[in-house]
Amino acid sequence: MPFLPSFLGSVTSSRRQKSNSTVKGVLSNISSITDLGGFDPVWLFLVVGGVMFILGFAGCIGALRENTFLLKFFSVFLGIIFFLELTAGVLAFVFKDWIKDQLYFFINNNIRAYRDDIDLQNLIDFTQEYWQCCGAFGADDWNLNIYFNCTDSNASRERCGVPFSCCTKDPAEDVINTQCGYDARQKPEVDQQMVIYTKGCVPQFEKWLQDNLTIVAGVFIGIALLQIFGICLAQNLVSDIEAVRASW
């Protein structure tokens, strides 16, 4: 069967091309969704990971080898990060309206691409179930999605509906009804509140921050204290090393 190797090779090649195109499609979707003014948050995670590795390496090796240069680098860099965090907190408070607009823009982009990527779909469903919300500022934001909009040209069965994660949950139900959101937005607003969450995720997030302000503030204060403690320890170790060297 001389044609068998060539046949298997063509099948493998076609599968590889299909897999590559699928990966490119998913990456393209993620890039378009997470794009905030030309900045991709993936780079933020890469930078944060790289900085944490460099800081940990400098502090660990500096302490083990009693290297004052690495210890000073560790303390100074940690001080810069603390100052940047403090500045970011002040700017976030001053420009909170701009942050709200960016969050609204981000959620709406996710709504448009809800069916394009299964991981994104699960993330949106988890967010709406956890915050008990629907859309960015309300259930009508789902008009941005081609499957859920209420236009006459939309032939989808999900027309004028919402995802199941927008539905209010019945504690007695053990099985999730994935069709509970069908035609939900065709009902009057009073009836909608009995079936789906009508509050948006942005207001619900703001409400959660207000309700848990003490916990959120405690977490940030704890992180700040740990950073200050690390700076003090590094500077104290540098002073001890230099004092021992001066006595030689």
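In the predicted model, Arg 159 is partly exposed, with a relative accessible area of 22%. Arg 159 forms a salt bridge with Asp 152. The closest N and O atoms of this pair are 3.4 Å apart. Asp 152, at 76% relative accessibility, counts as exposed. The pair thus joins an exposed acid to a partly exposed base.

Across the whole structure, seven salt bridges are found. Among them is the pair formed by Lys 72 and Glu 242, whose closest N and O atoms lie 3.3 Å apart. Lys 72 belongs to helix H3, whereas Glu 242 belongs to helix H8 (residues 213–246), so this salt bridge ties together parts that are 170 residues apart in sequence. Both partners are partly exposed: Lys 72 has a relative accessible area of 38%, and Glu 242 has a relative accessibility of 37%.

Another salt bridge lies within a single helix. Lys 207 pairs with Asp 211, with 3.0 Å between the closest N and O atoms. The two residues sit in helix H7, four residues apart, or about one turn of the helix. An α-helix has 3.6 residues a turn, so residues three or four places apart point the same way. Lys 207 is partly exposed, with a relative accessible area of 42%. Asp 211 reaches 53% and is classed as exposed, because the cut-off for that class is over 50%.

Helix H7 (residues 201–211) also has buried residues, namely Cys 201, Val 202 and Gln 204. They span an arc of only 165° around the axis, which places them on the same side of H7. The buried residues of H7 pack against H4 and H5. Helix H7 therefore combines buried residues on one side with the partly exposed Lys 207 and the exposed Asp 211.

Aromatic contacts were examined next. The count comes to eleven aromatic pairs. In one of them, the rings of Phe 73 and Phe 77 have centres 5.3 Å apart and planes at 50°, so the pair is tilted. An angle of 50° falls in this class because stacked planes are under 30 degrees apart and edge-to-face planes over 60. Phe 73 and Phe 77 are four residues apart in helix H3 (residues 68–94), and about one helical turn separates them. Phe 73 is partly exposed at 30% relative accessibility. Phe 77 is also partly exposed, with a relative accessible area of 30%. Helix H3 thus carries this tilted pair as well as Lys 72 of the salt bridge to H8.

Tyr 114 and Trp 142 form an edge-to-face pair, at 5.0 Å centre to centre and 85° between the planes. Tyr 114 lies in the loop between helix H4 (96–112) and helix H5 (118–131), and Trp 142 in the loop between H5 and helix H6 (189–195), so the pair ties together parts that are 28 residues apart in sequence. Both rings belong to buried residues: Tyr 114 has 1% relative accessibility, and Trp 142 has a relative accessible area of 0%.

Ring pairs also build a cluster. Its members are Phe 126, Tyr 130, Trp 131, Phe 205 and Trp 208.

Technical notes
Residues numbered from 1 in each chain as written. Predicted model: local features only at pLDDT ≥ 70, side-chain atom pairs only at ≥ 80, totals over all residues. Heavy atoms only, no water. Phe/Tyr/Trp six-rings, centres within 6.5 Å; stacked < 30°, edge-to-face > 60°. Buried < 20%, exposed > 50% of the residue type's maximum accessible area, 1.4 Å probe, protein only. Arc of directions from axis to C-beta. Contact = heavy atoms within 4.5 Å. Salt bridge = Lys/Arg side-chain N within 4 Å of Asp/Glu carboxyl O.
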